[in-house]
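Me: Before accepting any label attached to this model, I should like to know what earns it. Please set each value against its definition.

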Amino acid sequence: MIYTNLINKEAKLALVGLGYVGLPIALEFAKRVKVVGFDINQARVDMMRRGEDPSRELEASDFENRDITFTADINELKDVNFFIVAVPTPIDETNLPDLKPLQGASRTVGKVLKKGDYVVFESTVYPGCTEEDCIPILEAESGLKFPEDFKAGYSPERINPGDKEHTLQNVIKIVSGCDEESLDEIAKTYELVVAAGVHRATSIKVAEAAKIVENTQRDVNISLVNELSIIFNKMGINTFDVLEAAGTKWNFLKFYPGLVGGHCIGVDPYYLVHKAMQLGYHSKVINSGRYVNDSMGFYIGKQTAKKIIAQGKMIQEAHVLVMGATFKENVSDIRNSKVIDVVNELKSFQINVDVIDPHADSSEMEHEYGVSLATDIRKDYDAIILAVNHREYCQFDENYFKGMMKDGKGVFVDVKGIYRGKINDLTYWSL
């Protein structure tokens with residue numbers, strides 16, 4: 001059995017895709033079994049060989065005493081028997097699923113797949129993708145027949161970037177297999193690294209659906225409070241004050257307004273919408289929620305511009321500082337960051353914009369969005385937008401912000417409301 005062979009180190013396990021999901025899983029398994037960490041990016045592989053995490057989530061000590069080989073050479077996968085695929089599943093410019101990384105990983109695995117091997121997918125997909133899109137590629141590349149010659153399963157990732165509390169080890173892992181035998185083998189394998197235990201889903205499709213529902217539910221709930229924040233702004237009341245009051249009821253769900261980006265909540269609902277469309281159903285609630293959340297960056301930029309104009313300033317001569325560029329606090333990941341929507345909206349008013357971030361990489365920002373991070377901070381900004389509440393940005397007082405503004409006056413936009421009640425002299429606004 002594959003599980004027994006793994007723990008006896010008579011078989012190897014491979015992680016295909018070593019991003020913020022794959023690398024922690026690979027290192028955790030490498031405490032117990034032989035692991036091959038495979039990534040097509042040689043530069044990233046070189047970093048990991050030096051004990052460096054390209055995502056800057058893990059410490060050098062996390063690489064120590066691990067039975068793992070990092071490689072970009074497909075030949076290193078030939079003697080692997082248990083494959084875990086954890087590659088990105090993004091959307092394209094039209095918000096349609098982009099399966100190219102997943103298809104590429106499936107082709108890679110298919111080229112080295114042997115009889116008796118297992119393949120488990122962790123990438124977030126729509127229900128049916130594993131069996132309808134990935135397994136046919138595995139069959140075509142390997143010449144093997146599923147499920148007679150090899151087994152497959154799905155176990156959605158639940159890693160939350162920047163979260164040191166809800167880690168791989170202490171969050172229940174959903175697992176699924178193509179039959180009872182594979183489910184049992186896959187479950188026992190994951191139990192090696194997940195102390196919280198596993199939930200055995202009744203099918204691969206159920207496991208796929210569970211993951212996509214987790215993020216779609218959050219997206220829809222956040223879209224509601226984002227819409228409420230637009231309404232309450234017109235009423236002249238603070239959304240966070242309203243939520244604080246409403247939150248005193250025992251069954252009130254505490255969601256907060258904000259920018260919804262990244263590679264999970266801002267992406268996964270589109271996979272479900274796409275599959276629903278293929279089945280002849282046009283999703284109304286999910287699409288509406290996506291529309292609201294995708295528009296919030298432009299809304300914040302426009303509200304900032306209006307407040308600058310209201311202070312009697314020439315908008316084309318205005319300077320705005322945007323603090324934060326990553327998709328969420330305390331991470332370095334800039335993928336699908338909605339802060340860029342704020343920046344682009346401000347620039348559409350011909351406003352001069354500087355962006356800073358202690359975690360983001362300026363060259364990555366330039367490559368991804370055409371916006372470099374500022375190195376020199378001015379003292380004459382007309383507005384400051386605190387877009388991402390990094391820990392470095394949470395300990396300032398009002399005088400700090402006043403010191404960067406023209407004549408100590410201006411607009412302070414506090415997207416997440418963390419300075420609510422602490423700003424008295426500046427024009428304060430939050431969602």
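Me: What makes the residues in the lining of the second largest pocket nonpolar, polar or charged?

Reply: The amino acid type decides: Ala, Val, Leu, Ile, Met, Phe, Trp, Tyr, Cys and Pro count as nonpolar, Asp, Glu, Lys and Arg as charged, and the others, Gly among them, as polar. By this rule the lining holds 15 nonpolar, 10 polar and 11 charged residues. The model is predicted, with local features requiring a pLDDT of at least 70 and side-chain atom pairs a pLDDT of 80 or more, whereas totals for chains, interfaces and linings use all residues. Residues are numbered from 1 along each chain as its sequence is written, and side-chain values use heavy atoms, without hydrogens and water.

Me: Why is the space of about 1000 Å³ called a pocket?

Reply: On a 1 Å grid over the protein atoms alone, a pocket is an open set of points with protein on both sides within 12 Å along at least five of seven lines, whereas a cavity is a set where a 1.4 Å probe fits but cannot get out. The second largest pocket has a volume of about 1000 Å³, a volume being the space filled by probe spheres set on points that are joined across faces, edges and corners. It has 36 lining residues, and those closest to its centre are N160, R218, I222, I265 and K328. A residue counts as lining if it has an atom within 4 Å of a point. Helix 7 (residues 204-235) gives the most to this lining, with 6 residues.

Me: How many cavities are there, and which residues line the largest cavity?

Reply: There are 2 cavities of 30 Å³ or more. The largest cavity contains about 50 Å³ of space and is lined by I25, E122, E157, R158, I159, T167, L168, V171 and K173. Its lining divides into 4 nonpolar, 1 polar and 4 charged residues.

Me: What does the second largest cavity have by way of volume and lining?

Reply: Its volume is about 40 Å³, and A325, S337, V339, I340, V343, V355, M365 and Y369 line it. Helix 11 (339-348) and helix 12 (362-369) are the elements giving two or more residues to this lining, and helix 11 gives the most, with 3 residues. This lining has 7 nonpolar residues, 1 polar residue and no charged residue.

Me: Why are F29 and Y190 called an edge-to-face pair?

Reply: Rings of Phe, Tyr and Trp (its six-membered ring) pair if their centres lie within 6.5 Å; planes under 30 degrees apart count as stacked, over 60 as edge-to-face and the rest as tilted. The rule yields 14 aromatic pairs. F29 and Y190 stand 5.8 Å apart, centre to centre, with 65° between their planes, so both conditions for an edge-to-face pair are met. Because F29 belongs to helix 2 (residues 22-29) and Y190 to helix 6, the pair ties together parts 161 residues apart in sequence.

Me: How do you know that strand 4 and strand 5 pair?

Reply: Strands pair if DSSP finds at least two bridges between them. Strand 4 (residues 80-85) and strand 5 (residues 118-121) have 4 bridges in the parallel sense, so the condition is met. Y118 in strand 5 is the bridge partner of F82. Helix 6 (residues 180-191) packs on the sheet and touches strand 1 (12-16), strand 4, strand 5 and strand 6, at about 70° to the direction of strand 5. Contact means heavy atoms within 4.5 Å; axes are lines fitted to C-alpha atoms, for helices over the stretch in contact, with angles from 0 to 180 degrees between N-to-C directions.

Me: What makes strand 10 and strand 13 edge strands?

Reply: An open sheet of 5 strands runs in the order 10-9-11-12-13 with parallel pairing. Strand 10 (352-356) and strand 13 (427-429) each have a single partner strand, so one side of each lacks a neighbour in the sheet. The average twist from one strand to the next is 15°. Strand 12 (residues 411-414) pairs with strand 13 over 3 bridges, and V413 is opposite W429. Helices (H or I, at least four residues) and strands (E, at least two) are DSSP runs, numbered from the N terminus.
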